[in-house]
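Reader: Could you walk me through how the partners in this model meet? I would enjoy going step by step.

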Amino acid sequence: MCLGIPGRVTAVADDAGLRIGVVDFGGVRRDVCLAYVPEVEVGDYVVVHVGFAISRLDEAEALRTLEIIAAMPGAMEQELGPSSPSGVETGGAA
Amino acid sequence: MKYVEEYRDPQLAHQLLDQIHAVTTKPWSLMEVCGGQTNTIVRQGIDDVLPVGLRMVHGPGCPVCVTPLEMVDKACAIAVRPEVTFTSYGDMLRVPGSTSDLLSLKARGADVRVVYSPMEAVRIARDEPSRQVVFFAVGFETTAPANAMAVIRAHELGLANFSILVSHVLVPPAMTSILDDEECGIDAFLAAGHVCAVMGWREYEPIAARYRVPIVVTGFEPLDLLEGILMAVRQLESGRAEVENQYIRAVRRNGNEHAQDAIRRVFQVADRTWRGVGRIPDSGLELAPDYLSFDAAKRFAVDDIATLENPACIAGAILRGTKLPTQCAMYGTACTPRTPLGAPMVSSEGTCAAFYNAGRVGEPLTSATA
């Protein structure tokens, strides 16, 4: 949960006062809270922890980091959950 | 190193390693306090290719592992209640409590769900108003802003059916606790990059000065670790004890101040018990008075709970860095990631699981002393 995955912001929206973005992690997309990175716009790269963007990252760095994480067995699934559309995924439980 | 193809630049990795060998003249012990870093070091075999006597000690950097047994037991006591939907990161589900774990309770019918963000738990609370939704808020400073926002959001939405079971810990007090131990042989620290992405590194400056210990803010990729190790050794060899930042691409000195504001709004600093380490003053977070109504421990009255550690598990010594997993009689026999006796074998960020998954066996000290 502390690994932090870099991804690209592809859309930004307001959810009842909360800034939410759709972030693309090398093909896997998730809703991400952008409240802590108000300066971030569509096209920017961010490091995401448990659904929150914590810092901005330069594109080249982000892409190389993503490659390395993709090479770590199970790392993407562990941080982002099973591959499925963003939003209402609750982890396949219940 | 094993998986050179995972490196961004294998040639640079070898250059960094050559420099580490060139500057190291004395034995040094460096501790990392980040499960992601531990995982990289062990998986890549970085500790095996360092100079003789330069030792990596794996500190209490796995948030799942340091969550005290008492909190796991409280989680179980809450999760079995029929009105409760208990939500947690997947890693926590298999951590053994005194008598059970969350995954076993789920198999027996408890409504336990895996989430990847506390905001998913808030969403469940909003969508299922008849359920009491509890989120297991564990972790270091990296996850605290997310948990703070979940509480702020639940408050804004007026969700009376949402609460969190808080077991938040802070890295700097754990470092000073380790340094205060008379048997501590740690010469320098690698500080966790993403903890510092949130908090910055100002709070590490007095620690470096007071204990004369170099602290290098370091990322979790193989090249980051090699560079962080090199920077720490250079400081040690030249008699410096400063805070340096290796992870410049994601960390600034002041960290993320928006995130820090949210943490300060929702939480306050409190004493915390670390599994395997014990009680450390001011080493964690609890809900601030304004948000106490979101405290699951109070809502479900599980404040007093008796615990029972598995006597065969040496997780405490593992977490303090005084023993390696391969020095445990249970390692790889009675205790595996499928049948964990203790938390460090559960999480991929745990030292025991990292060792097991990397296929480590036998005499571990030979690599450090041979």
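Reader: Which side chains meet in a salt bridge?

Author: Happy to start there, with the reminder that this is a predicted model. The count of salt bridges between chain B and chain A is one. Its N to O distance is 3.4 Å, inside the 4 Å cut-off. The side chains that form this salt bridge are those of A:Glu61 and B:Arg249.

Reader: How many residue pairs are in polar contact across the interface of chain B and chain A?

Author: Here both residues of a pair must be at pLDDT 80 or more. Under that rule, the number of pairs in polar contact across the interface is eight.

Reader: What gives the most to the side of chain B that touches chain A?

Author: Several elements of chain B supply at least two residues each, among them α2 (35-44), α7 (144-156) and α12 (257-266). By class, this side of chain B has 22 nonpolar, nine polar and 15 charged residues. The top contributor, with six residues, is α6(B).

Reader: What is the area buried between chain B and chain A?

Author: The contact involves 46 residues of chain B and 41 residues of chain A. Carbon and sulfur atoms give 62% of the buried area. The total comes to about 3,600 Å².

Reader: Why do the buried residues of α12(B) line one face of the helix?

Author: Good one! The buried residues are B:Ala259, B:Gln260, B:Ala262, B:Ile263 and B:Val266. What covers them includes α7, α9, β10 (267-274) and β11 (278-287) of chain B. They line one face because, seen down the helix axis, they fall within an arc of 160 degrees.

Definitions and conventions
Residues are numbered from 1 along each chain as its sequence is written. Chains are lettered from A and ligands numbered from 1 in the order in which they are written. This is a predicted model: local features need pLDDT of at least 70, side-chain atom pairs count only at pLDDT 80 or more; totals for chains, interfaces and linings use all residues. Side-chain values use heavy atoms; hydrogens and water are left out. Contact means heavy atoms within 4.5 Å. Buried area is the accessible area (1.4 Å probe) that two parts lose on being put together, summed over both. A polar contact is a pair of N or O atoms within 3.5 Å; within protein, one must be able to donate a hydrogen and the other to accept it, and residues adjacent in sequence count only if both atoms are side-chain atoms. Helices (H or I, at least four residues) and strands (E, at least two) are DSSP runs, numbered from the N terminus. Ala, Val, Leu, Ile, Met, Phe, Trp, Tyr, Cys and Pro count as nonpolar, Asp, Glu, Lys and Arg as charged, and the others, Gly among them, as polar. Buried means under 20% relative accessible area, exposed over 50%, partly exposed in between (1.4 Å probe, protein chains only). The arc is that of the directions from the helix axis to the C-beta atoms.
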